[in-house]
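User: Got a minute to go through this one with me? I'd like the surface, the empty spaces and a bit of strand layout.

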Amino acid sequence: MRFLLTVTGASLLASPALADQIKVGVTIPELDVAEYHKPYVAAWIAKEDHSVAANLAVWYQLEKRGSDEGETWLKDLRQWWRRAGRSIEMPKDGLSGPTHAPGAHDMTFDTRSGPFADLDPGSYTLVIESVREVGGREMVNVPFKWPLQAGQTLMAEGETELGAVQLALISSID
Amino acid sequence: MTYKFGKTLLLTGAALLLAGQASAHRAWILPSSFTLSGENQRITVDAAISNNLFYPNHHALSLEQVSVTGPDGSNIEMEDVSTGEYRSVFDVPLVQEGTYRIGSQGSGYFASWEEDGERRRWRGTEEELANENIADKPGVRISKNDRTNMTFVTLGAPSQSAFTKTGEGLELASGTHPNDIYAGEEVSFSFTLNGEATNGVEIEIVRGHDRYRDSEGAKALTTDADGMINFTLEEAGPYWLSAEVDGKAMLNGKEISSRTSYIMTFEALPF
């Protein structure tokens with residue numbers, strides 16, 4: 001069961017003086033299976049028509065025995081592959097990253113540069129897709145309205161291949 | 001070499017030798033992957049004529065007419081080619097990004113006539129038809145068969161060059177790219193016959209693994225005036241599509257009946 005939780009903080013002090021950061025949290029669950037491979041994970045911002053507004057990260061086997069064999073399985077991130085991956089020359093700076101072990105992994109993005117900088121106000125979905133060799137696949141969606149409000153934290157939970165997914169706006173004094 | 005022929009031609013025992021297989025048998029070319037990522041990939045392809053999709057249980061598909069065309073239009077050589085009793089197998093190295101076309105396109109003739117009080121049936125090429133003076137047989141009836149058996153495979157992003165029209169027979173002309181089909185999303189295909197959009201083309205779509213269900217659950221559709229069909233597949237999996245249309249062809253200035261068919265395998269991915 002996926003749920004969506006909105007926490008609106010008391011602080012509504014958003015002003016140009018603040019350097020806003022977006023935190024995207026992805027939890028990879030620990031799985032008790034005979035053969036475990038760290039999952040391939042893609043994170044992106046989808047528009048309402050499912051097209052990609054911004055790519056955030058792709059974690060995959062960057063090199064295998066000196067070749068780029070790891071790219072062979074990128075298509076198994078099949079929504080990301082369809083929406084973005086097949087049109088991107090991989091590896092790509094700022095997007096490609098190695099696979100991650102089970103646990104909570106946070107990414108932060110500055111709202112004034114990087115993938116969130118060019119988002120027009122509107123409705124979007126944070127999509128996290130995870131697929132594991134000889135394992136399963138899962139996608140978790142976190143719908144949100146841009147711009148996020150100060151202190152706002154949105155959360156969703158995966159069932160099988162993903163744990164908690166979090167999208168939050170963190171303000172700090174510049 | 002044998003495809004889904006018209007039933008009427010196949011009703012007598014003598015026809016079996018000539019026409020090979022009965023109409024329940026389906027020809028197909030099935031790649032190990034339809035969509036690939038990375039560089040220097042390779043697929044293995046099965047080709048057979050079978051009762052069930054996609055289990056080779058009747059006859060291998062001859063690879064004589066099968067070719068592979070790369071995204072740039074060049075011919076790609078098949079590797080590790082083998083034909084057994086029930087299926088043919090070959091590998092295709094994929095280096096260029098884009099969509100590959102794998103299959104055969106060909107035509108042949110059927111003829112039947114009375115000779116020495118016996119019904120004679122004949123099948124062959126246009127050249128054989130002329131060499132054997134088939135058109136001069138007593139009371140001869142000749143019909144033409146144009147058939148295409150295709151599949152499409154994409155490395156990287158799908159490309160359109162694989163759908164360049166030849167203007168011959170039935171062709172998938174436009175619409176949804178066959179390597180971009182997802183369960184629950186509407187698909188549209190438009191077909192051309194000899195280069196022209198044609199209505200009344202009868203389409204049958206069957207999901208694979210039919211040997212594990214009581215009913216094959218074929219979807220039957222007919223193209224509209226724009227040569228178009230629209231459908232939504234509820235289940236992901238490999239699919240077999242057959243398009244067929246009857247018409248007329250000319251032979252030595254005489255009108256003969258013709259049947260044109262197009263077979264394609266594709267997959268619908270889960271959303």
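User: How much accessible surface does chain B come to, and what share belongs to carbon and sulfur atoms?
Analyst: About 12,500 Å², with 45% of that belonging to carbon and sulfur atoms. Those areas are Shrake-Rupley values with a 1.4 Å probe. Keep in mind that this is a predicted model, where local features need pLDDT of at least 70, side-chain atom pairs count only at pLDDT 80 or more, and totals for chains, interfaces and linings use all residues. Residues are numbered from 1 along each chain as its sequence is written, and chains are lettered from A in the order in which they are written.

User: What percentage of chain B is buried?
Analyst: Buried residues, meaning under 20% relative accessible area, are 51% of its 271 residues.

User: And how many helices and strands in chain B?
Analyst: 2 helices and 19 strands, taken as DSSP runs (H or I, at least four residues, for helices; E, at least two, for strands).

User: Pockets next. How much space is in the largest one?
Analyst: About 430 Å³. Closest to its centre among the 22 lining residues are A:K75, A:D76, B:T35, B:E267 and B:L269. A pocket here is an open set of points on a 1 Å grid with protein on both sides within 12 Å along at least five of seven lines, and lining residues have an atom within 4 Å of a point.

User: Which elements supply that lining?
Analyst: α1 (78-83) of chain A, plus β1 (26-31), β18 (237-251) and β19 (254-268) of chain B, each give at least two residues. By class the lining has 11 nonpolar, 5 polar and 6 charged residues.

User: How many cavities are there?
Analyst: 3 of 30 Å³ or more, a cavity being where a 1.4 Å probe fits but cannot get out. The largest holds about 120 Å³. It has 13 lining residues, and B:R101, B:M150, B:A162, B:T164 and B:E171 are the closest to its centre. The lining divides into 7 nonpolar, 4 polar and 2 charged.

User: Switching to chain A: what order do the strands of the open sheet take?
Analyst: β5-β4-β3-β7-β8, 5 strands with mixed pairing; two strands pair if DSSP finds at least two bridges between them.

User: Why do β5 and β8 of chain A each have a side without a neighbour?
Analyst: They stand at the edges with a single partner strand each, so one side of each is left open in the sheet. β8(A) pairs with β7 (residues 122-131) of chain A in the antiparallel sense over 10 bridges. A:E138 in β8(A) is the bridge partner of A:S130.

Technical notes. Heavy atoms only, no water. Points joined across faces, edges and corners; volume = space filled by probe spheres on them. Nonpolar A, V, L, I, M, F, W, Y, C, P; charged D, E, K, R; others polar. Buried < 20%, exposed > 50% of the residue type's maximum accessible area, 1.4 Å probe, protein only.
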